[in-house]
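Got your viewer open and a hand on the mouse? Let's take a walk through this protein, one selection after another.

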Amino acid sequence: MSFTVADHLARSLVARGFRRCFGYLGHHVEPLPQALLNGGLEVVIAASETGAGFMAQGWSLAGGRAGLVFCGGGPGLAMLIPALQASRAEGFPLLAIIGQTSTTGLPSFQDTGALGSRDRELLDALQIPAVSIGCPLELPAVLELACEALAAGRPAALTIPADLLAAPWPAAGGESLPSQQAYKHHRPVTGPVVPADPAAADPAAVVQQPTEPGGYRAVVRALLASLPFGTLWFGDAGQARHAMRMEFQERGLPLFDCPQSGPMGWAIAAAIGAAFHELDRPVCCFTGDGSARMLAHEWATAVQHHLPITFVLAVNGVLGGPYARLRESGAQALGHLPAVDWCGQAASMGLPACRVEGAQEIVAALAALPSRGPRLLVLPLPALDPEVLAPYSLSRSASR
Ligand SMILES: Cc1ncc(C[n+]2csc(CCOP(=O)(O)OP(=O)(O)O)c2C)c(N)n1
């Protein structure tokens, strides 16, 4: 494997004394974490970008050094803002490396809105000193600028497109320097975000796992069969939303789909908000365990107000999309999620919960749970459901 811009960045960060970093995965930043590990940095994947940012601050406070955090742009950066804002207000030196949509303008299937993530505008508005890389050769100068901000006790953000992170480092092994024109300056994507053409996707990149009879779509079908007509349906970022989209589009049914940019955990909170609108109307929210790690504590709000929401949690133990793409470089362990006793967590909040082993058990399990108020169904699903992910390019190379 060639020495990439991400590898060079990792080496430069080590040279500047960084030893540990905190972060969260997202399509745009995926080449970075493995490079950081290879470069000798210790990497902690938190439960959310907010958590990662605060961890970096705590580490910085305890050690008297600048903190380091990474995440993807769009919803990832949005979740990092509390840490950036606090760093600016309180004068914490925090370096945030934020992956961006590829310079080719090809968006990933989520993690960006229809107008691109417009992260630089956001950072400028927040008065966070931000530097961007449009060409690998700019990296040393840009890092120098960022470190000047850190030395002055300020946060700094370094935005870098995903394809640049993965590009070969120009100076490595005598490889020829790419021309400046080869790297267009990063600019927001202006077109609508469309999934990659399935015909163009590398079939080897679509993870080869048998289609389980109890996959994501089977769960949606069982829920449609179990819950009353008139239910309001919410789908969260990841495979849950894709499965719901497919099933609902086929039936022409209305679905409150996670916004295009796919902020994880959105459906949990949005379902709660919707339930307040019409207190007797059933609501259902289908979400993944990565998304639940971000906002499952809001289940307690549903309990507090006795809202009629059926939360359905697919436990696949990974951050699906990033996990699939990281497999290409053998770094899939970064996409693993720690085990959580979800029924135990629900019980601690007074949320009636039940674990089922497959879609075929859903009808009976829902009948056994209280029909009024909130409830939770937890079910294991395969890490990756090719049927749901196939229309989207899982391959990092295909998205460049
Ligand atoms: C706040 C936020 N951070 C990161 C991402 C990038 N991202 C999109 S889907 C996804 C994985 C979702 O995992 P999970 O909820 O477990 O669902 P799965 O796809 O595994 O079924 C990630 C990390 C995002 N969309 N939003």
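Here is a tour in six stops, and keep in mind that the model is predicted.

**Stop 1: a set of paired strands**

Start by selecting residues 20-23, which make up strand β1, and then add residues 42-45, strand β2. These two strands run parallel and are paired over four bridges. To see one bridge up close, pick Gly-23 in β1 and look across to β2, where its bridge partner is Ile-45. Now follow the chain from β1 to β2: on the way it passes through helix α2, residues 31-38. This is a β-α-β crossover, and it is right-handed.

Next, add residues 67-72, strand β3. β3 is parallel to β1 too, and two bridges join the pair. Keep Gly-23 highlighted while you do this, since its bridge partner in β3 is Phe-70.

**Stop 2: a sheet of six strands**

Now move further along the chain to an open sheet with parallel pairing. Reading across it, the order of its six strands is β8-β7-β9-β10-β12-β11. Which strands stand at the edges? Select residues 256-257 for β8 and 353-355 for β11: each has a single partner strand, so one side of each is left without a neighbour in the sheet.

Work your way inward from there. Residues 232-235 are strand β7, which pairs in parallel with β9 over four bridges. Click on Leu-232 and find its bridge partner in β9, Val-283. β9 is in turn joined to β10 by six bridges, again in parallel. Here Cys-285 is the residue to click, with Phe-311 of β10 standing opposite.

Stay on β10 for a moment. Is this strand largely enclosed or left open by the rest of the structure? Six of its seven residues are buried, so β10 is largely enclosed. Its parallel link to strand β12, residues 375-380, is made of six bridges. For an example, select Ala-314 and its bridge partner in β12, Leu-379.

**Stop 3: around the ligand**

Center the view on the ligand and show what surrounds it. How many residues do that? There are 28, and the closest are Gly-238, Gly-288, Gly-290, Ser-291 and Gly-320. If you color this shell by residue type, you get twelve nonpolar residues, 13 polar ones and three charged ones.

Then switch on the helices. α4 (75-90), α9 (239-251), α11 (289-295) and α13 (320-326) each bring at least two residues to the shell. Finally, color the two domains separately: domain 1 is 5-166 and domain 2 is 198-392. Both give residues to the shell, so the ligand lies between them.

**Stop 4: the nonpolar core**

Hide the ligand and look at the largest nonpolar core, which has 117 residues. Good ones to select are Val-69, Leu-95, Leu-158, Val-219, Ala-271 and Cys-285, the members that touch the most others. You already met Cys-285 opposite Phe-311 at the second stop. Now highlight helix α10, residues 266-277: its seven residues are the largest share of this core. Keep your domain colors on here, because both domain 1 and domain 2 contribute at least three residues each.

**Stop 5: two unusual backbone angles**

Most residues other than glycine have a negative phi. Let's find two that go the other way. Select Gln-127, in the loop between α5 (119-125) and β5 (130-132). Its phi is positive, near 60°. Is Gln-127 buried or partly exposed? It has 13 C-beta neighbours inside 10 Å, so it counts as partly exposed.

Jump to His-306, in the loop between α12 (299-304) and β10 (309-315). This residue is not a glycine either, yet its phi is positive at about 50°. With 12 other C-beta atoms within 10 Å, His-306 is exposed.

**Stop 6: apart in sequence, together on screen**

Select Arg-281, in the loop between α10 and β9 (283-288), and then Pro-308. They are 27 residues apart in sequence, but their C-alpha atoms are 7.0 Å apart in space. Arg-281 is partly exposed, with 13 C-beta neighbours inside 10 Å.

For the last pair, go to Met-246 in helix α9. Add Val-388, which is 142 residues away along the chain, and use the distance tool: the C-alpha atoms are separated by 8.1 Å. Met-246 has 16 C-beta neighbours inside 10 Å, so it counts as partly exposed.

Notes: Residues numbered from 1 in each chain as written. Predicted model: local features only at pLDDT ≥ 70, side-chain atom pairs only at ≥ 80, totals over all residues. Pairing = 2+ DSSP bridges. Right-handed = clockwise from strand over helix to strand, strands pointing away. Near = placed C-beta within 6 Å. Nonpolar A, V, L, I, M, F, W, Y, C, P; charged D, E, K, R; others polar. Domains from an automatic or database assignment. Core = buried A, V, L, I, M, F, W, Y, C linked by C-beta atoms within 7 Å. Buried ≥ 20, exposed ≤ 12 C-beta atoms within 10 Å, placed from the backbone.
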